[in-house]
Every structure is written in C-alpha cells, then in structure tokens.
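Thanks for coming. Please have the sequence and the model open while I talk.

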Amino acid sequence: MATLGFGLTFWAWDLIAPLAGGYKDRLGLSSFQQSLLVAIPVLVGSVGRIPAGALTDRYGARLMFPLVSALTIVPVLLLIPVKNDYTLLLCVAFLLGLGGTTFAIGVPLVNSWFPPGRRGFALGVFGMGTGGVALSGYFTPRIAAHGENLPFVVVAVALAVYAVLAAFLIVDRPGRPVPTASLASRLRQAGGLRVTWELSALYAIGFGGVVAFGVYLPTYLKTWYELSPTDAGTKAAGFALVTVVFRPIGGRLSDRFHPALVTAAALGVVAVFAVVQAFDPPLAPLATVALLLMAAGLGTAGGSVFALVSQVTPQSQVGSVTGIVGAVGGLGGFVPPLLMGAVYSAKGSYSIGFMLLSDLALAGCVYAYGRMRTLRLQR
C-alpha cells in the first residue's frame, strides 16, 4: 500500500512536466518561465519532506498517507481552471509539491514493520514508487491526447480511491515509539545527528543523480547524439526504469552486506562509467552500456543509503531523518542539470560535466568505504 501510494502521489507531483511544452506554446512562456513552472513542485515537494517525516513520527502513516493523498487532489483539479493563467499556475504548482512529500511518510511506516535484517529490501521495494515519475512521463501526454483535462481527472480519481483504501488498509505497527517533543525540537535533534548529514550527502549523489539524469538526459541525447525527441525520451525512460529496478537490489544486498560497502561499490561503478562517457563514445553500444551501468549504480546507491538510514537511526527519529535526507536528495538533482547546461554553453562539450560527476561519485565512494562502514548496525 505504501509503494502504491508513493507511486500515485509521485505521478501527481510530476503532472506538469510532461505537459510543459503545451503550456509554453499556449501561454508564450520563455524557457526560464517553463523551467520555473516545472521546478516549483519538485522543490516544494523536496523541502516538504522535512515536516512530513517529523509529523509521521508523531501521528503515524495511517493518518498521514490518506490525508496527504486526499489533499493532493485539490491542486491536481485546480490545474484545470488555471491552465490559461501563468501566475495562478505557479501558485497551484506550489501546492502540487505536496504530492512529493509522501516519501518521508512511507519510509518510517515500512521501516517499523520489518526487522533490521530485512529493511533494506523492503525499503528498496517501497523506493520503486519513484517510478511514478516515469509513469507520468509516459501516460500523462497520451491521456491528454484524448482530452486536455483528462489526465487531471484520472489522477484525482485514482488518488481519491487510494485515500479511502489507505484509511482502512494502512496500519501503524502497534507499540511503535511516539515522540512527545515538539516538531521543531525533533527536527533540531535529527539535524544535530552527524549521520543525518553524511547520509544526506550520499543520497544527494545517488538519488540526486537519478533526478538530474531524469531532467537532463533527453536534452543531452538530443543535443549530442542528435536523436529525435521520441527516441531521446524512450532511451531516457529506459534509464529511469533501470534505476527503479536496481533500487530494491541495492536494498537486498544491504541486508546481506554492510550498506556502506554496497553504496561504495555502486558509486564506484558510477565514477568509472562517468569517465567512459566523458570521452564521448558512440551511442551504440558503448555509450548505451555506460549510461545504463550508471543508472544501475545510482539506483543501487539509492536503495543502500536508505537501508543505512534504517539501521543507524533510532526508530522514533526515522521520519525526521528521512525527511532531511530525502529533501537534500531531491534538491541535489537540480545542480547537475544547470551545471551541465552551463558547461556545454561555455565549452561546447559535456565532457567536463561527466568528469565532475565522476569526481563526486568517487568522493562518495571513498567516504562511504572509509567512514560509513565503521557505523554500528542494528541486526
């Protein structure tokens, strides 16, 4: 139920991006205005995970999941009447960010129901809900072809059905520790843990890399390899699918081995093949292999980092720590596309961008192996 809700709300969260071209043409938007419209829900959803996680620690996912799912219906339906007014669209896009907060609701729920030795795989399966973004990218424009308002109606109905089912079927684990401190106090405590920021940095590389490629890979393939928009979108969807599939694999491996070792190995793979891609190999087969192996590494790292969260964080603080880590990971995906675009504009090449990605992944690999593998785990 958590994975289903995560996927649906992520679909809602990403409703604007697949239709952004239509908004640009209809409203005469500049590239910056279009980018701002797409970015606002992602930014709000990422930051919103911080209070959502802390509130889940206090009130439980049984209340938070149906509540957030039901509230997300409001901005989804508001996209219909405001479609011809850019200012109002920005306001609704801000509200739509609510759908991106459910990550911090599902992690403490799933985490509480599984013993430490099985949490990695369970959280990896839950993490497959990020595939909701890929579902949105594929289905939203196709549904819109049958009626421009139809995607919003379909998603709103799906969210309403899910909210009702979640209210009856989601159950918080009996006896779970419920913190009594204030929201601000709990966030301060979570933010005061060194491991919170260490995990945030690793997740910014892993999940941030996934977000960055999801945003920029179609542009890169069209610009550098001169693919058609359809071919570029299809290959980008394949990249996203690999990251989704490898997330539970990363979690499962973390149940057998120390999650920090899995994270180090995964980021090591990313570092190696980012260097390969920096030399601009031909798309078939070398670039395709390099990109897919980077996708596997990033997906695996996303799963292993949250396995580490579950095994080094006190149960009563999982939601608060998850909120911070998830927020930093989401925000971490917005620097690389800007950097890649700036480097290409200045140098006419993406090589420097890929070398910087390799350096960052290598730094994460070394830190995960050198420092994080010494953390004591719950088993």
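R58 sits over the face of Y59, at 5.3 Å from the ring centre. There is another arrangement of this kind further along the chain: R373 lies over the face of Y369, at 4.1 Å from the ring centre. Keep in mind throughout that this is a predicted model.

From the charges over rings to the rings themselves. How many aromatic pairs does the structure hold? The count is 15. Take F103 and Y203: their ring centres are 6.2 Å apart and their planes are at 10°, so this pair is stacked. F103 belongs to helix α6, residues 103–113, and Y203 to helix α11, residues 194–224, so the pair ties together parts that are 100 residues apart in sequence. Are these two residues buried or exposed? F103 has a relative accessible area of 3%, which makes it buried. Y203 comes out at 1% and counts as buried too.

Another aromatic pair is made by Y220 and Y225, and this one is edge-to-face, with 5.8 Å from centre to centre and 90° between the planes. Y220 is buried, at a relative accessible area of 1%. Y225 has 15% relative accessibility; the cut-off for buried is under 20%, so Y225 still counts as buried.

Ring pairs also build up into a cluster, which links F6, F10, W13, F103, F126, Y203, F207 and F306. You will recognise F103 and Y203 as members. F126 is worth a stop as well, being one of the buried residues of helix α7. The others there are R119, G120, A122, L123, G124 and G127. That makes seven of the nine residues in α7, which runs from 119 to 127, so the helix is largely enclosed by the rest of the structure.

Now the nonpolar core. The largest one has 102 residues, and those touching the most other members are L37, V76, L199, F213, L221 and F354. What does V76 contact, once its neighbours within four places in sequence are left aside? The list is A12, L15, L96, F152, V155, A156 and L159.

Next, helix α3, which spans residues 31–59 and includes A52. A52 has 6% relative accessibility, so it counts as buried. Apart from neighbours within four places in sequence, A52 is in contact with M64, T101, A104 and I105. For a sense of distance, the C-alpha atoms of A52 and P174 are separated by 21 Å, and the two residues are 122 apart along the chain.

Last topic, the empty space. The structure has two cavities of 30 Å³ or more, and the largest cavity holds about 110 Å³ of space. Which residues line the largest cavity? They are T56, D57, G60, A61, P108, L109, S112, D172, R176, P177, Q315 and S316. Helices α3 and α6 each supply at least two residues of that lining. Of the contributors, α6 gives the most, with three residues.

To go back over the helices: α6 carries F103 of the stacked pair and gives the most to the lining of the largest cavity. α3 holds A52 and supplies at least two residues of the same lining. α7 is the helix with seven of its nine residues buried. That is what I have; questions are welcome.

Key
Residues numbered from 1 in each chain as written. Predicted model: local features only at pLDDT ≥ 70, side-chain atom pairs only at ≥ 80, totals over all residues. Heavy atoms only, no water. Helix = DSSP H or I, 4+ residues; strand = E, 2+ residues; numbered from the N terminus. Buried < 20%, exposed > 50% of the residue type's maximum accessible area, 1.4 Å probe, protein only. Contact = heavy atoms within 4.5 Å. Phe/Tyr/Trp six-rings, centres within 6.5 Å; stacked < 30°, edge-to-face > 60°. Lys NZ or Arg CZ within 6 Å of the ring centre and 35° of its normal. Core = buried A, V, L, I, M, F, W, Y, C linked by side-chain atoms within 4.5 Å. 1 Å grid on protein atoms, 1.4 Å probe; cavity = no way out; pocket = protein on both sides within 12 Å on 5 of 7 lines; lining within 4 Å. Points joined across faces, edges and corners; volume = space filled by probe spheres on them.
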